[in-house]
Amino acid sequence: RFLQNAFADDENTQFLNNVFDDSPAVRWLSDSSGRSYFGVHMWVATGSREEYEVSWGWFNEPGEFWNDGQFYAQFAWRGEASGRPMNLRFMGYIDSHYRNASNDRDYGGGISWDWEASDTVGLFVRGALAAADVNPVEYDVELGLILRSFSTRRPDDTIGAAFGIISINDVVVDAITTDHKERELVLELYYRVVLEGGGLQFTPFVMFVADPGAGLTPWQDNSLSLIGLRVFAQF
């Protein structure tokens, strides 16, 4: 609901690596933990074409909803550049749910930009910063492009390429281990084949990760290469 991006926001049809889906500099409650969470999300849009939108939300686990939750606020602009659709979003947050050993709360923000540069090319940049010494990730930056409608025979197919950086917060991580890297680097390439009007999609992909987990995980090698296939079907 925040830091959305037209080309890097859905792991089912776009990039698979989570750095391109949910900025790790923000400790979202909707992670892989399986926890239940509850939220209130509100927004208001204005302008002749409702091109300006302000949104905000409060999220927490149901049993302690009003205590130590997460507050988000975002300003978004939707318009055109050279006659092509463009989106720009600025987001800030205060997180009282995750705290460090000193009981400090986290806070920070991010920016997301995407532009449909032509009928074929789409560009995006996104980044986020955790300003307090709470999150092991200090900041992340992602940039990439997509190519679509590049073939008259396969007008719905898409090629995507993206590069991401996850930088580690030394103050937080040194309390865990001093044997770690400064950052993790991610490169992902995919080709999405669309069939049945989008009802069936096959996406072979290649992913390269330098210093996975920045040395914080049990992974011992300096790099990780993945080749895979995603199958997505809508019923």
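**View 1. The largest pocket of the predicted model has a volume of about 590 Å³.** A pocket, on a 1 Å grid over the protein atoms alone, is an open set of points where a 1.4 Å probe fits, with protein on both sides within 12 Å along at least five of seven lines, and lining residues have an atom within 4 Å of a point. Grid points are joined across faces, edges and corners, and a volume is the space filled by probe spheres set on the points. Of the 24 residues that line the largest pocket, Asn18, Asp22, Pro24, Val137 and Ile166 are the closest to its centre. The lining divides into 12 nonpolar, 8 polar and 4 charged residues, where Ala, Val, Leu, Ile, Met, Phe, Trp, Tyr, Cys and Pro count as nonpolar, Asp, Glu, Lys and Arg as charged, and the others, Gly among them, as polar. This is a predicted model, in which local features need pLDDT of at least 70 and side-chain atom pairs count only at pLDDT 80 or more, while totals for chains, interfaces and linings use all residues. Residues are numbered from 1 along each chain as its sequence is written, and side-chain values use heavy atoms, with hydrogens and water left out.

**View 2. The second largest pocket holds about 350 Å³ of space.** Its lining is made of 16 residues, and those nearest its centre are Arg1, Phe2, Asp22, Trp28 and Ser30. By residue type, the lining of this second largest pocket divides into 7 nonpolar, 4 polar and 5 charged.

**View 3. Strands S7, S8 and S9 are joined by antiparallel pairing, S7 with S8 and S8 with S9.** Strands are DSSP runs (E, at least two residues) numbered from the N terminus, and two strands pair if DSSP finds at least two bridges between them. S7 covers residues 137–148 and S8 residues 158–168, and 11 bridges link them; within this pairing, Leu145 has Ala161 in S8 as its bridge partner. S8 is also joined to S9, residues 183–195, over 10 bridges, and here Ile166 stands opposite Glu184 in S9.

**View 4. Strands S2, S3 and S4 are likewise linked by antiparallel pairing, S2 with S3 and S3 with S4.** Between S2 (residues 52–60) and S3 (residues 70–81) there are 8 bridges, and the partner of Trp58 in S3 is Phe71. Between S3 and S4 there are 12 bridges, with Trp77 standing opposite Leu88 in S4. The hairpin of S3 and S4 has 2 residues between the strands, and Ser82 there takes a positive phi near 55°, which is a positive value in a residue other than glycine. Ser82 counts as exposed, because its relative accessibility is 71% (exposed means over 50% relative accessible area, buried under 20% and partly exposed in between, with a 1.4 Å probe and protein chains only).

**View 5. Gly57 lies in strand S2 and Ser96 in strand S4.** Gly57 counts as buried because its relative accessibility is 2%, and Ser96 is buried because its relative accessible area is 8%. Leaving aside neighbours within four places in sequence, Gly57 is in contact (heavy atoms within 4.5 Å) with Phe2, Val40, His41, Gln70, Phe71 and Tyr72. The C-alpha atoms of Gly57 and Ala73, 16 residues apart along the chain, are separated by 6.6 Å. With its neighbours within four places set aside in the same way, Ser96 is in contact with Asp68, Gly69 and Arg105.

**View 6. The largest nonpolar core contains 30 residues.** A nonpolar core is a set of buried Ala, Val, Leu, Ile, Met, Phe, Trp, Tyr and Cys residues joined through side-chain atoms within 4.5 Å. In this core, Phe15, Phe20, Val26, Tyr72 and Met91 touch the most other members, and the elements that give two or more residues to it are S4, S6, S7, S8, S9 and S10. Apart from its neighbours within four places in sequence, Met91 has contacts that include Phe2, Val26, Trp28 and Tyr72.

**View 7. Phe205 has its place in strand S10.** Phe205 is buried, because its relative accessible area is 12%. Beyond its neighbours within four places in sequence, the residues in contact with Phe205 include Leu16, Leu189, Tyr190 and Leu226. The C-alpha atoms of Phe205 and Arg192, 13 residues apart along the chain, are separated by 8.6 Å.

Conventions. Helix = DSSP H or I, 4+ residues; strand = E, 2+ residues; numbered from the N terminus.
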